[in-house]
Structure formats: C-alpha cells, structure tokens
Amino acid sequence: MKFAFNVSLKNIRRRPFRSAALGALVMLLTICLFLGAEVILSLQGGLDAYRSRLGADVIVTPSSASAHGSVDDIFLQGITGNYYMSEKDIKKAADTDGVQSISRQFYLTSAKAGCCSARVQIIGFEPETDFSVLPWIKESYSGEIRNGDIVVGSEISVPSDRQIKFYGKKYNVAAILGKTGTGLDNAVFTGYDTIKEMARSAADIISRKEFSGVNIDNTASALLIRVKDGYDPQTVADDINIHITKVQAKASKSMISGLSDGLSGISGIIAVLVGAVWVFCFIIMLMVFALLSNERKKEFAVFRIIGASGKMLTAVMAGETAVLCLAGSAAGLLVSVPLCFPLSDMIHSSLSLPLLMPDGAVLAALCAGAAVIPLITGVLISLASAVRITKAETGLLLREGA
Amino acid sequence: MSLLELKDVSKVYGELHALEKANLKVDKGEWIAIMGPSGSGKSTMMNIIGCMDRPSSGQVIFDGRDITKESRKKLTEFHRDKIGLVFQQFHLINYLNAVENVMVAQYYHSMPDEKEALEALERVGLKDRARHLPSQLSGGEQQRVCIARALINSPELILADEPTGNLDEANENIVLDIFRQLHKEGTSLIVVTHDPEVGEVAQRIVRLDHGKIISDKKNESFSEGE
C-alpha cells in the first residue's frame with residue numbers, strides 16, 4: 001500500500017504542471033464553497049440575531065424619535081437618542097385593546113466629554129418585564145444585574161478594571177455580550193434604576209434640554225408590547241397610532257419582513273452563484289479528469305498488463321485524485337479562511353446588511369465540508385474513469401493510447 | 001508437454017477477421033517466432049495469448065486450463081503469475097525510474113523487493129542505470145528494463161511483441177542474447193516479429209497472413225549456443 005501511495009506521489013511530483021493545474025481547480029472550488037456558505041450563514045445569523053432581538057409584537061416610540069431614524073433603525077441598529085414619552089401616553093398604550101404585557105426601555109446617549117469614558121448608546125430595560133434584552137444577555141451572563149451594573153456590546157472596549165464612567169460615575173461591567181453583527185454591538189445595557197440615575201446626572205452635569213419637562217422616574221424611550229392571543233399586532237399598532245398622537249407604533253413583523261425578504265433574496269442569489277460555480281467547477285473537473293484518464297490510457301493499460309487488478313488500478317487513480325484534492329482543498333482553505341473576516345466586514349459595511357459570522361464549530365464544519373465535497377467529487381469522477389478503463393480490453397487500450 | 005494450445009481461435013472486429021480459426025501448440029521451454037507482414041494478425045494473436053484480449057470464438061488452453069472462460073479478475077491473476085510481456089514500444093511508466101518500473105510489477109504480483117529488482121536489472125546489464133527515468137535511457141536500455149520487468153515474477157512464458165523493432169543492431173543482439181539465456185534456463189518464449197533475423201534465431205517459426213496460420217515449421221538452423 002505504501003509503495004502504491006509512493007507511486008501516486010511520484011506521478012504527482014513528476015508532472016508538476018498538471019498537478020498544479022488540478023490542485024488550483026480544486027482550490028477554486030473550495031474557496032467558492034467555503035466563502036459562499038460562510039456568507040449565506042452569516043446573513044442567516046444576522047437575521048436570526050435581529051429576530052431574537054425583537055421578541056415584541058409591537059414597538060412604540062415617541063414621535064420625536066423619528067428625527068433620529070425609523071423605528072427599525074432605532075430598535076434594530078441601536079441608533080438611539082434622548083427622546084422620551086409621557087407617563088400619560090405610556091398608560092394609554094398599555095390600556096389599548098389587545099395589549100397583554102408591556103416592557104419599557106430608556107435610551108440615553110453618553111457625552112463625548114470628560115464625564116464619560118466613551119460616546120455610546122445606553123439602553124435601560126426593566127428586568128421584571130423585559131423579554132427582549134435579558135434572553136440575549138443570558139446567553140453571555142447568567143448572574144443578576146444589580147444596581148450600578150452595566151452589560152456592554154461586543155464592540156465596546158472594556159478597561160482592565162472593568163469600570164466605565166458615564167456622567168461622572170463609574171459603573172461595573174458585569175458582562176460582555178455576544179456579537180450580533182448589528183449596531184447593538186456598540187451599545188451599553190443596564191437596569192432601569194441605573195439608567196435613571198445616569199439620566200439625572202446627565203441632566204445635572206450637562207443640563208440637556210431633552211430632559212426639560214421629563215419625569216425621569218416615569219418615562220420611557222420605547223415600549224415593547226406583546227399582544228394577546230387572537231389579536232393582530234398590526235391592528236394593535238394601528239390602534240395606538242390613531243389614539244395616541246405623540247407616539248409612533250409599528251408591528252415588528254413588518255419591520256423584520258422587509259429585511260428578511262432582502263436577506264433571503266441575497267442569500268438566494270449567493271446560493272445560486274455558489275451552485276453555478278460549483279456546477280461549473282464540477283463540469284471542468286469532470287472534463288479534466290476524463291481528458292486525463294484518456295491521456296493516461298496507455299499508462300493504465302501498462303499497469304493492467306503488469307498485473308494490476310481493476311481494484312488496484314482504481315485504488316491508484318482514486319489515491320492520486322484524493323491527494324490532489326486534499327492538497328487543493330487545504331490551499332483553498334488557507335486562502336479563504338483568512339479572507340472570510342474582511343469579506344464579512346466588507347459586505348456588512350458596503351451593503352449595510354446584518355452579518356453574524358458562524359461560531360468556531362460551525363466554521364470548522366464548513367472547512368471540513370468545503371474540503372470533503374471536492375474530495376468526494378474528484379474521487380467519484382476518477383472511480384467512474386477507472387471503471388470505464390478496467391472494463392475495456394487492455395490490448396485495445398494499449399493501441400489507443402500508443 | 002504442452003504449455004499453451006490455441007484451438008480454432010478467431011477474432012473479429014466488426015467486418016474484419018483479424019484471426020481465423022488459428023490452431024497452435026506451444027511446448028514448455030519452446031521458443032517460437034510468430035512472423036508475418038503488418039495486418040497479418042500477429043498482434044491480435046499476441047493479445048489473446050497474453051490475456052489482453054478475448055477471442056471471438058475458439059479456446060485458449062494454458063497449462064491445461066481454458067482461459068477463455070475465466071472471469072476478468074481470474075484472467076488478470078493468471079496473466080500476472082504466468083506471463084511476462086515485452087513490447088516494441090517498451091511501455092515503461094515514464095515517471096518511475098528503472099528499478100521502480102520493475103518493482104511495480106513485483107508489487108502487483110506479491111510485494112516489492114528492491115534487492116530482487118536490482119538483481120533483475122543486473123541480469124540485463126542495467127544495474128548502474130537503475131535510478132534513471134525512462135527518458136534518460138536509450139531505446140535498448142528501455143527494452144532491457146522492459147525485459148527485467150517481464151522476468152521479475154519468474155513467468156512460465158515470455159511474450160514479446162516486436163522486441164527489437166525500435167533497436168539498433170547492437171541492442172538487438174543484446175536482447176536476443178538475453179532471450180537465448182532465458183531459453184537455456186527453460187523459459188518458454190513467443191516472439192512476434194516481422195524481422196527475419198529475429199525470427200530465425202527461434203526454434204520454431206509460425207507464419208501468419210490475413211489472419212490465418214500459413215506455415216508452422218521447425219527452424220532447422222536453430223542452435224542453442226548461437
């Protein structure tokens with residue numbers, strides 16, 4: 001067996017151009033498979049992160065929030081500002097027919113000044129009622145978020161003492177959240193009592209006009225509503241928009257559906273492109289291996305006449321192909337794995353699409369898949385060629401190949 | 001005792017009757033030349049005897065066994081054990097050096113043994129060229145590697161198709177000397193040739209024309225010591 005493997009290796013080594021061309025073809029196929037699948041999974045991951053971030057059926061923000069962006073941008077991209085709704089409007093929204101439960105969120109922008117470590121969006125949530133932020137936090141942190149604790153997005157730089165200063169006071173970083181691929185990775189999360197304390201300090205320190213006339217204790221920047229069974233979220237949102245003039249309500253399904261459709265479309269296009277390139281590479285591999293086996297008819301006939309059985313010949317052909325495919329795949333992965341990070345960043349920044357790269361285990365599985373698929377393809381093609389050759393009369397093969 | 005017997009063997013390719021009802025008996029240790037012009041059916045006969053092709057009809061009895069009825073797998077095993085092939089075009093594996101070309105035949109037969117392979121090359125006077133690739137060897141040297149490869153598994157029959165067809169006179173004589181030596185040692189030889197000089201060193205000369213055996217005579221001028 002070792003001898004046969006050495007014979008295969010010698011054939012590969014002593015025909016460097018042919019071997020390099022085949023290896024390059026497999027490399028191309030591996031790159032295409034790996035990067036294509038990685039982008040599709042990243043888009044899917046981004047969409048899933050959006051979905052899990054939502055959790056609510058209806059989102060309500062003050063009308064003044066529209067100056068900062070659409071409800072979609074505010075809620076999904078973490079583009080927040082300092083805008084607040086009155087206690088009266090919150091109560092009206094809670095009393096709307098079909099509302100089952102409500103959870104308040106309080107947004108605050110930190111200042112780019114000596115009082116704050118960094119300018120970020122701070123999102124305060126009610127731990128008792130929250131169904132949107134806590135499940136996400138629990139993926140990274142299972143402890144209790146006490147008064148004075150903050151939880152930060154994955155892109156926030158945390159000092160070694162795990163203390164971040166906002167409006168003159170230091171807060172303890174209890175946890176760093178997993179990446180979502182959205183603007184929320186740059187946000188800071190905390191309980192309602194802590195953010196109210198921050199807001200009071202902000203009002204004292206920089207006398208922000210946004211706080212004038214706002215009762216910090218009883219206000220909210222956004223309401224997350226879950227509707228009762230049998231109620232249509234869109235109807236509830238419409239009801240709120242009609243009856244409460246100073247707020248804007250939106251059904252979350254309508255927020256995600258456009259994005260979901262867009263992502264599905266892009267994923268579909270990428271899948272089709274990857275499929276097309278794969279079919280193209282498969283056809284090229286089929287042609288190349290068929291041409292090669294035709295060109296090597298004489299050599300295989302010689303193996304036959306010196307005693308190689310059909311099985312032995314098949315093993316030689318499959319062995320050679322396997323070595324070439326594995327080498328090509330390894331080269332392909334060496335190129336594509338480092339490329340997948342900047343490629344994701346590029347897609348994220350140029351297309352403004354949410355991308356969440358798969359975790360290490362999924363990436364490892366992708367690497368294995370991208371290496372195994374060309375290997376199986378190549379070996380199957382060479383097996384088909386081997387069967388064709390072993391069925392032919394050796395004398396004829398020798399004459400044809402001469 | 002008969003080593004090989006062809007009984008009414010025919011081979012038809014479409015309309016072409018390459019071999020027609022050929023009958024031939026080869027005794028153990030015999031040296032036969034099969035002669036005839038191009039297209040006379042020499043190579044077809046060689047391919048059938050060498051298990052590289054099957055007859056359209058008739059029987060090929062080798063060592064008392066009808067090999068026309070054998071499965072492809074059995075035929076490969078049979079051919080591997082009993083027959084060594086030598087070709088005009090040498091048919092060496094061009095990416096393997098001389099000793100590796102010999103060892104590959106050992107590998108497919110049983111297991112490769114470099115020492116034995118080098119001895120086989122020494123026997124044909126090529127031990128010092130053992131590490132050369134076929135492209136680095138002359139035609140005569142390549143033919144001797146081909147003979148060493150054919151001999152390595154101690155076959156009962158050496159089947160040579162125009163073994164001197166691509167060689168100059170000096171190399172032709174070297175190859176014929178090797179055949180003489182093999183014959184002395186008791187190996188059976190069938191040499192297909194259209195060269196009268198090569199044919200006339202054999203014990204028996206079989207002539208073919210248009211797929212038919214037209215004569216089968218003992219060579220009166222044959223001499224062991226020649």
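Two strands count as paired here if DSSP finds at least two bridges between them. Helices (H or I, at least four residues) and strands (E, at least two) are DSSP runs, numbered from the N terminus.

The model is predicted: local features need pLDDT of at least 70 and side-chain atom pairs count only at pLDDT 80 or more, while totals for chains, interfaces and linings use all residues. Residues are numbered from 1 along each chain as its sequence is written, and chains are lettered from A and ligands numbered from 1 in the order in which they are written.

**Stop 1: the hairpin in chain B**

Select residues 204-209 and 212-218 of chain B, strands E9 and E10. The two run antiparallel and are joined by six bridges. Within this pairing, B:Leu208 sits opposite B:Ile213 of E10(B). E9(B) and E10(B) make a hairpin, with two residues between the strands. Pick B:His210 in that turn: its phi is positive, about 50 degrees.

**Stop 2: chain B as a whole**

Now show all of chain B, which has seven helices and 10 strands. Of its 226 residues, 48% are buried (20 or more other C-beta atoms within 10 Å of the residue's own; exposed means 12 or fewer, partly exposed is in between, and C-beta atoms are placed from the backbone). Two residues are in contact if their C-beta atoms, placed in the same way, lie within 7 Å. Among the chain B contacts with a separation of 6 or more, 66% are between residues 24 or more positions apart.

**Stop 3: the cores**

Select B:Val102, B:Leu121, B:Ala148 and B:Ile190, which touch the most other members of the largest nonpolar core, a set of 84 residues. A nonpolar core is a set of buried Ala, Val, Leu, Ile, Met, Phe, Trp, Tyr and Cys residues joined through C-beta atoms within 7 Å. Helix H3 of chain B (residues 98-109) supplies the largest share of this core, eight residues. Centre on B:Leu121 and leave aside residues up to four places away in sequence: the residues it touches are B:Ala98, B:Val99, B:Val102, B:Leu126, B:Lys127, B:Ala130 and B:Ala148. A second core, separate from this one, has 55 residues, including A:Ala65, A:Ala93, A:Tyr107 and A:Ile122.

**Stop 4: strand E2 of chain A**

Select residues 99-109 of chain A, strand E2, in which eight of the 11 residues are buried. Add strand E8 (residues 222-227) of chain A, which is antiparallel to E2(A) and joined to it by six bridges. A:Ser101 has A:Arg226 of E8(A) as its bridge partner. Then add strand E3 (residues 121-125) of chain A, also antiparallel to E2(A), with five bridges. Here A:Tyr107 faces A:Ile123 in E3(A).

**Stop 5: helix H1 of chain A**

Select residues 2-14 of chain A, the 13 residues of helix H1. The distance from first to last C-alpha is 18 Å, close to the 18 Å expected at 1.5 Å a residue (1.5 Å times one less than the number of residues). Which residues of H1(A) are buried? They are A:Val7, A:Ser8, A:Asn11 and A:Ile12. These lie on the same side of H1(A) because they cover an arc of only 135 degrees around the axis, taken from the directions from the helix axis to the C-beta atoms. On the face turned away from that side, look for the exposed residues A:Lys2 and A:Arg13.

**Stop 6: where the chains meet**

Show both chains: 20 residues of chain A are in contact with 20 residues of chain B. On the chain A side, the elements giving two or more residues are H1, helix H9 (297-305) and helix H12 (394-401). H1(A) gives the most, six residues. By type, the chain A side has 10 nonpolar, five polar and five charged residues (nonpolar: Ala, Val, Leu, Ile, Met, Phe, Trp, Tyr, Cys and Pro; charged: Asp, Glu, Lys and Arg; polar: the others, Gly among them).

Stay with H9(A), where seven of the nine residues are buried. They are A:Lys297, A:Phe300, A:Ala301, A:Val302, A:Phe303, A:Arg304 and A:Ile305. After H9(A) comes A:Gly307, with a positive phi near 115 degrees.

**Stop 7: two residues in chain A helices**

Select A:Leu292 in helix H8 (residues 252-295) of chain A. A:Leu292 counts as partly exposed because it has 18 C-beta neighbours inside 10 Å. Its C-alpha is 9.2 Å from that of A:Arg18, 274 residues apart along the chain.

Last, select A:Lys311 in helix H10 (residues 310-351) of chain A. A:Lys311 is exposed, as 12 other C-beta atoms are within 10 Å. A:Thr390 is 79 residues apart from A:Lys311 in sequence, and their C-alpha atoms are 8.7 Å apart.
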